[in-house]
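Here is a short briefing on how the strands and helices of this model fit together. Look at the sheet before turning to the helices.

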Amino acid sequence: MKIEVSQVIDRPPAVVFRFVVVDHVRNHPRWDPKMELQQISEGPIRVGTIIRRRHTHAGAPTEGTMEVVEYEPDRTFGMVIRDGPIEMRSRMTFEPDGQGGTMIRGSVDIPAMKEPIQQKSIEESLRRMKQLIESEG
């Protein structure tokens with residue numbers, strides 16, 4: 001199953017990328033309060049970075065990891081997410097919208113899931129992300 005979302009954010013790609021990717025561990029729980037992250041590999045976020053995650057999206061706490069598999073500054077960010085036996089692939093792109101803002105496109109692919117999941121929570125996180133970036137940047 002694959003979910004795709006998009007949002008225009010009224011800030012340049014470099015500002016949006018910094019907030020979403022470079023400062024991912026600090027900022028992700030701000031747009032998704034059910035998520036806790038801890039970077040376990042050293043250095044700045046880049047291909048190979050491993051982040052421990054714990055969330056309560058399904059009620060009971062679920063623990064897993066996120067591994068950065070794609071990183072192109074101000075353009076793309078891809079991760080493999082493992083929550084127990086479930087593996088997901090997440091990818092975000094950041095493109096100028098032609099008016100000084102950024103079109104952010106995100107996808108999550110969960111091959112093991114055949115049943116549709118609620119896209120609403122992902123869309124809500126993207127709206128909160130937009131509000132945070134536009135109010136701070």
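β2 and β3 pair in the antiparallel sense, over 5 bridges. Within that pairing, M35 has H55 of β3 as its bridge partner. The model is a predicted one.

**The sheet**
- The sheet is open and has 7 strands, in the order β1-β7-β6-β5-β4-β3-β2, with antiparallel pairing.
- β1 and β2 are the edge strands; each has a single partner, so one side of each lacks a neighbour in the sheet.
- On average, neighbouring strands of this sheet are turned by 20 degrees against each other, direction ignored.

**Strand β1**
- At the other edge from β2, β1 (residues 2-9) runs antiparallel to β7 (residues 102-109), and 8 bridges join the two.
- Q7 has I104 of β7 as its bridge partner.
- Which side chains of β1 are buried? I3, V5, Q7 and I9 are; they point to one face.
- K2, E4, S6 and V8 point to the other face and are not buried.
- This fits the general rule: in a regular strand, side chains alternate between the two faces of the sheet.

**Helix α1**
- α1 lies across β1, β4, β5, β6 (86-96) and β7. Its direction is at about 160 degrees to β6.
- P13, V16, F17, F19, V20 and V21 are the buried residues of α1.
- These buried residues cover an arc of only 165 degrees around the axis, which puts them on the same side of α1.

**Helix α2**
- α2 packs on the sheet and touches β2, β3, β4 and β5. The direction of α2 makes about 180 degrees with that of β2.
- Four residues to look at in α2 (residues 24-31) are H24, N27, H28 and W31, which are buried.
- Seen down the axis of α2, the buried residues fall within an arc of 110 degrees, so they line one face of the helix.
- The cover over these buried residues includes the helices α1 (13-22) and α3 (120-136). It also includes β2 (35-39), β3 (50-55), β4 (62-72) and β5 (76-83).

**Where the helices meet**
- How do α1 and α2 pack, and at what angle? The angle is about 90 degrees, and the axes are 6 Å apart.
- Angles of 65 to 115 degrees count as roughly perpendicular, and α1 and α2 therefore fall in that class.
- α1 contributes F19, V20, V21 and V22 to the contact; α2 contributes H24, N27, R30 and W31.
- The contact residues divide into 5 nonpolar, 2 polar and 1 charged.
- F19, V20 and V21 also appear among the buried residues of α1, as do H24, N27 and W31 among those of α2.

**D74 and T76**
- D74 sits in the loop between β4 and β5.
- The phi of D74 is near 65 degrees, a positive value in a residue other than glycine. Most residues other than glycine have a negative phi.
- Is D74 buried or partly exposed? Its relative accessibility is 32%, so D74 counts as partly exposed.
- T76 belongs to strand β5. At 8% relative accessibility, T76 counts as buried, because the cut-off is under 20%.
- Leaving aside residues up to four places away in sequence, T76 touches F17, E70, Y71, R91, M92, T93 and F94.
- One of those contacts, F17, is itself a buried residue of α1.

Conventions
Residues numbered from 1 in each chain as written. Predicted model: local features only at pLDDT ≥ 70, side-chain atom pairs only at ≥ 80, totals over all residues. Heavy atoms only, no water. Buried < 20%, exposed > 50% of the residue type's maximum accessible area, 1.4 Å probe, protein only. Arc of directions from axis to C-beta. Contact = heavy atoms within 4.5 Å. Pairing = 2+ DSSP bridges. Axes fitted to C-alpha atoms, helices over the stretch in contact; angles between N-to-C directions. Parallel < 35°, antiparallel > 145°, perpendicular 65-115°, else oblique. Nonpolar A, V, L, I, M, F, W, Y, C, P; charged D, E, K, R; others polar.
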